[in-house]
Amino acid sequence: MKTAVLAALAMVAFAANSILCRLALGAGLIDPASFTAIRILSGAAMLAILLVVRDRRFVWRTPDLGGATALFIYMAGFSFAYVTLDAGVGALVLFGCVQITMFAVAVQGGERFGAAALGGLALAIAGLFVLVAPGAEAAHDLLGAVSMAAAGIAWGAFTLAGRGRADPLAATGGSFLAVAPAVVLLWLIFAPQTEVSGPGLALAIASGALASGVGYAIWYAALRALAASHAAIIQLSVPALAALGGVLLLGEALTARLAIASLTTLAGIFVFVRARRAT
């Protein structure tokens, strides 16, 4: 039950992150390099505060280089991709690459899947395709798609790098702190294109401190009890949650397509998890 609650909270945080990013980048309130840098720095600050509150002191933990590199690629790729990609196309590329990465690692690690589990997976992916399949007006930008694909692979790698850590909060904080110099350098490289409004700054800070910093800490805590395949399919709920959040918080239209896709994805997750527990 504890793992289920932590995973649900993490998915809500990830969905909130998508909404915050969409608000900031889609409306041109901030440029992607600035958003990435502020997101990382505010996330690192929040994680440092959480560590001090928990331990009464902050101790530098040697970060995992692979996890830190994956975090940087995900953060930068996600921000720059959403400058040119349609939201639906971007979500499809991102979560498709996450699934490929995590399930490939699961199979390589010896996990096997029965017919019921594979059926649940297929149902969840079908719901995701219904939700994010681009319409005729969707923008197809090759560079943006490649950037989002890199972000998806990196997010899958970052998630897997954190599994089994004895102290997920310290591990996540170390990764954020290790990435900080790289994102500052990225910010300086794109300094001529810098555009930061007050609302854009606030959204980037909220994305970094709350949806990313706190959200990732919660997710890593949940990952300690999740198999790679479970961690992969649970994340398929994020596009549906983000879309529903858009309806409730951004005034987006509630369509039959959205309702059917969301229910299909969540039903597929339920079938998959039940089937894996039965094996």
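Biologist: Why is Arg 54 called partly exposed?

Modeller: Its relative accessible area is 40%. Buried means under 20% relative accessible area, exposed means over 50%, and partly exposed is whatever falls in between (1.4 Å probe, protein chains only). With 40%, Arg 54 lands in the middle class. Bear in mind that this is a predicted model: local features need pLDDT of at least 70, side-chain atom pairs count only at pLDDT 80 or more, and totals for chains, interfaces and linings use all residues. Residues are numbered from 1 along each chain as its sequence is written, and side-chain values use heavy atoms, leaving out hydrogens and water.

Biologist: What makes the pair Arg 54 and Asp 55 a salt bridge?

Modeller: The rule asks for a side-chain nitrogen of Lys or Arg within 4 Å of a carboxyl oxygen of Asp or Glu. Here the closest N and O atoms are 2.9 Å apart, so the pair passes. Side chains of opposite charge can pair when their charged atoms come close. Asp 55 is partly exposed as well, at 30% relative accessibility.

Biologist: How many salt bridges does the rule give?

Modeller: The count comes to 1 salt bridge.

Biologist: Ala 44 next. Why does Ala 44 count as buried?

Modeller: Ala 44 has 6% relative accessibility, and that puts it in the buried class. It lies in helix 2, residues 32-55. A helix here is a DSSP run (H or I, at least four residues), a strand is an E run of at least two, and both are numbered from the N terminus.

Biologist: What does Ala 44 contact, leaving aside neighbours within four places in sequence?

Modeller: Phe 176 and Leu 177, where contact means heavy atoms within 4.5 Å. The C-alpha atoms of Ala 44 and Ala 209 are separated by 7.5 Å, although their positions lie 165 residues apart along the chain.

Biologist: How do you know that Thr 36 is buried?

Modeller: Its relative accessible area is 0%, which means it is classed as buried. Thr 36 is also in helix 2. Setting aside residues within four places, Thr 36 is in contact with Met 75, Ala 76, Ser 79, Val 183 and Leu 186. Met 75, Ala 76 and Ser 79 are among the buried residues of helix 3.

Biologist: And where does Leu 210 fall, buried or exposed?

Modeller: Leu 210 is exposed, because its relative accessibility is 52%. You'll find Leu 210 in helix 8, residues 198-223. Not counting residues up to four places away, Leu 210 touches Met 46, Ile 205 and Gly 215. From Leu 210 to Arg 39 is 9.7 Å, C-alpha to C-alpha, with the two 171 residues apart in sequence.

Biologist: What makes helix 3 close to its expected span?

Modeller: Helix 3 has 20 residues and reaches 30 Å from its first C-alpha to its last. The expected span is 1.5 Å times one less than the number of residues, here 28 Å. Helix 6, residues 142-161, has 20 residues too, and it reaches 28 Å against an expected 28 Å. Buried residues in helix 6 include Gly 144, Trp 155 and Leu 160.

Biologist: Why do you speak of cavities, and how many are there?

Modeller: On a 1 Å grid over the protein atoms alone, a cavity is a set of points where a 1.4 Å probe fits but cannot get out. The count comes to 2 cavities of 30 Å³ or more. The largest holds about 130 Å³; grid points are joined across faces, edges and corners, and the volume is the space filled by probe spheres set on the points.

Biologist: What makes a residue part of the lining of the largest cavity?

Modeller: A lining residue has an atom within 4 Å of a point. Among those around the largest cavity are Phe 14, Tyr 74, Trp 155 and Gln 235. Helix 1 supplies the largest share, 3 residues. The lining divides into 8 nonpolar, 3 polar and no charged residues. Nonpolar takes in Ala, Val, Leu, Ile, Met, Phe, Trp, Tyr, Cys and Pro, charged takes in Asp, Glu, Lys and Arg, and the others, Gly among them, are polar.

Biologist: How many helices and strands does the chain have?

Modeller: There are 11 helices and 0 strands. Buried residues make up 50% of the 279 in the chain.

Conventions: 1 Å grid on protein atoms, 1.4 Å probe; cavity = no way out; pocket = protein on both sides within 12 Å on 5 of 7 lines; lining within 4 Å.
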